[in-house]
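This report examines one protein model, beginning with a single residue and moving outward to helices and domains. The reader is asked to keep the sequence and the structure in view throughout.

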Amino acid sequence: MSNWHKLTQNDKLGRITKALTENVNFSKDVSLGYPASKLDGKVFYDDASFLKDAPVLMTYVANPNNIGCHTIGISEKAFKGTQEIEREVLEILAVDIFNATTNEYDGYIATGGTEANIEALWVYRNHFMNTYQAKLSEICILASEDTHYSIAKGANLLMIDWLRVEVHFENRTIDETKLEILLQEVISKGKKYFIVVANMGTTMFGSVDNPDIYTNLLEKYDQRFKLHIDAAYGGFVYPFLTPKNHLDFTNKLVSSITIDAHKMLQAPYGTGIFICRKNLIENVLTREAGYVAGMDVTLCGSRSGANAVAIWMILKTYGKNGWYEKVKTLEMRTNWLCTRLDELNISYFREPFMNIVTIKSAFISKDIASKFDLVPQSHNSDNKWYKVVLMEHVEIDSLNELITSLEIRQTNFI
Ligand SMILES: *Cc1c(COP(=O)(O)O)cnc(C)c1O
């Protein structure tokens, strides 16, 4: 059911004001038990006149703590207004964008994609240990070499191996033959439980993995696995542009998804989202969290309710169709850049339906990379790629300057 429509400024203000009145008000209510208050009034004036028209700033100053997870069990009653806003955000992401069924998912707004990915690894590691008495040495992560380094962090923290799956150099797709050999080898050495991370947009290339390559092989070898989708980069772009894909909850093998609102959605930092199917997140319940009402199944502790409000405001400013139009503009600019690069015979990688163009370093000089702030794949001398990310502020005018510089460089070469 799509319930993602745009709202007027007044309606948004009304909804957030109502949410704040449902929270404890540290300025007026008697509230003695929490180590929390509104922001320091000497520094952050809560009577500044502009605040009354600025729902996010208003929430920021009120400083609600959305600690815990609010899709499951009971929650801290002091902040139920902003917890409800968080549930509305999760509903749009889970149901409208990633095709989950209402009430059949859990999730929360984490500090970022790193936390959301580590939460996923943590949930599955514990799932395998709790359900099958798996040993740490029997569990491993499967993810491509282009996978974000948060997976390496998670593997290190959780003490499980990460098997780096090679990709083809030109098209960045998973090398299926090598994956199969790798699987045979690790299965023979005792790995039995697999946590698969498939990318919806890798950080360097925007490349999108085909999760069926992993799941078909794991089924062929009769292995237990869980599939997580890292859509930190592509989550607000790819689902809008691609007709149909296997990287959302319509694929019954997908158990969870990470989406960063602080990348393509341009929300403030601290807005990585974790969503998973029901009956999984309990695997990371911390029973010792006695003072938090309800269940603490999150990795971070305290977190600001203002982040939920910020994402909610963006989603409700655009609505589903408005967001589609915005992403279409980014796609159009990406197409424009690719056409120009083709004309200059410059080779690059571009995933269809993504807004990233990764150019081979042979075509880029150090000066051009530095002038246009192009990000290299590696800061070492063996760097082979530079990327251009087609964000909101990256307009055709600036792309045209890049093209002109590339053209001049080519002419000078000849
Ligand atoms: C940025 C990114 C992350 C990590 O996100 P942070 O919000 O920086 O923690 C994870 N995965 C991918 C694919 C990313 O691009």
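Does His148 count as buried or exposed? The model is a predicted one, and in it His148 has a relative accessibility of 17%. Buried means under 20% relative accessible area, and His148 therefore counts as buried.

**The surroundings of His148**

His148 belongs to the loop that runs between strand S2 and helix H5. Its side chain is joined to that of Ser150 by a polar contact of 2.8 Å. When residues up to four places away in sequence are not counted, His148 touches Thr114, Thr203 and Asp230.

**Helix H5**

Ser150, the partner of His148 in that polar contact, is itself one of the buried residues of helix H5, which spans residues 150-158. The others named as buried there are Ile151, Gly154, Ala155 and Leu158. Seen down the helix axis, these buried residues fall within an arc of 140°, so they line one face of H5. The face turned away from this buried side carries Asn156 and Leu157, which are exposed. Against what do the buried residues of H5 pack? They pack against helix H4 (113-132) and against three strands, namely S2 (139-144), S3 (161-165) and S4 (193-199). After H5 comes Met159, which has a positive phi, near 55°.

**Helix H7**

Helix H7 covers residues 211-220, and its buried residues are Pro211, Ile213, Tyr214, Thr215, Leu217 and Leu218. The elements that cover them include S2, S3 and S4, together with helix H6 (176-188) and strand S5 (224-230). At the N-terminal end, Asn210 acts as a cap of H7, with a side-chain oxygen 3.0 Å from the backbone nitrogen of Asp212. Asp222 follows H7 and has a positive phi, near 60°.

**Two domains and their interface**

The protein chain is divided into domain 1 (77-317) and domain 2 (320-413). The C-alpha centres of domain 1 and domain 2 are 28 Å apart. How many residues of domain 1 are in contact with domain 2? There are 27, and they meet 26 residues of domain 2. Between them the two domains bury about 2300 Å², and 69% of this area is on carbon and sulfur atoms. On the side of domain 1, Met204, Phe205 and Leu241 lose the most area to domain 2, together 31% of what that side buries.

The count of salt bridges between the domains is one. Glu170 and Lys360 form a salt bridge in which the closest N and O atoms are 3.0 Å apart. Eight residue pairs are in polar contact across the interface. Helix H8 (residues 238-241) gives the most to the side of domain 1 that touches domain 2, with three residues.

Tyr238 is found in helix H8. With a relative accessibility of 8%, Tyr238 counts as buried. Tyr238 and Phe353 are separated by 115 residues in sequence, yet their C-alpha atoms are 5.6 Å apart in space. Leaving aside neighbours within four places in sequence, Tyr238 is in contact with Met200, Val208, Asn245, Leu247, Pro352, Phe353 and Met354.

The table below gathers three atom-to-atom distances from the sections above.

| Pair | Kind | Distance |
|---|---|---|
| His148 and Ser150 | polar contact of side chains | 2.8 Å |
| Asn210 and Asp212 | side-chain oxygen to backbone nitrogen, cap of H7 | 3.0 Å |
| Glu170 and Lys360 | salt bridge, closest N and O atoms | 3.0 Å |

Technical notes: Residues numbered from 1 in each chain as written. Predicted model: local features only at pLDDT ≥ 70, side-chain atom pairs only at ≥ 80, totals over all residues. Heavy atoms only, no water. Buried < 20%, exposed > 50% of the residue type's maximum accessible area, 1.4 Å probe, protein only. Helix = DSSP H or I, 4+ residues; strand = E, 2+ residues; numbered from the N terminus. Arc of directions from axis to C-beta. Contact = heavy atoms within 4.5 Å. Domains from an automatic or database assignment. Buried area = accessible area lost by both parts, 1.4 Å probe. Salt bridge = Lys/Arg side-chain N within 4 Å of Asp/Glu carboxyl O. Polar contact = N/O pair within 3.5 Å; in protein donor to acceptor, adjacent residues only side chain to side chain.
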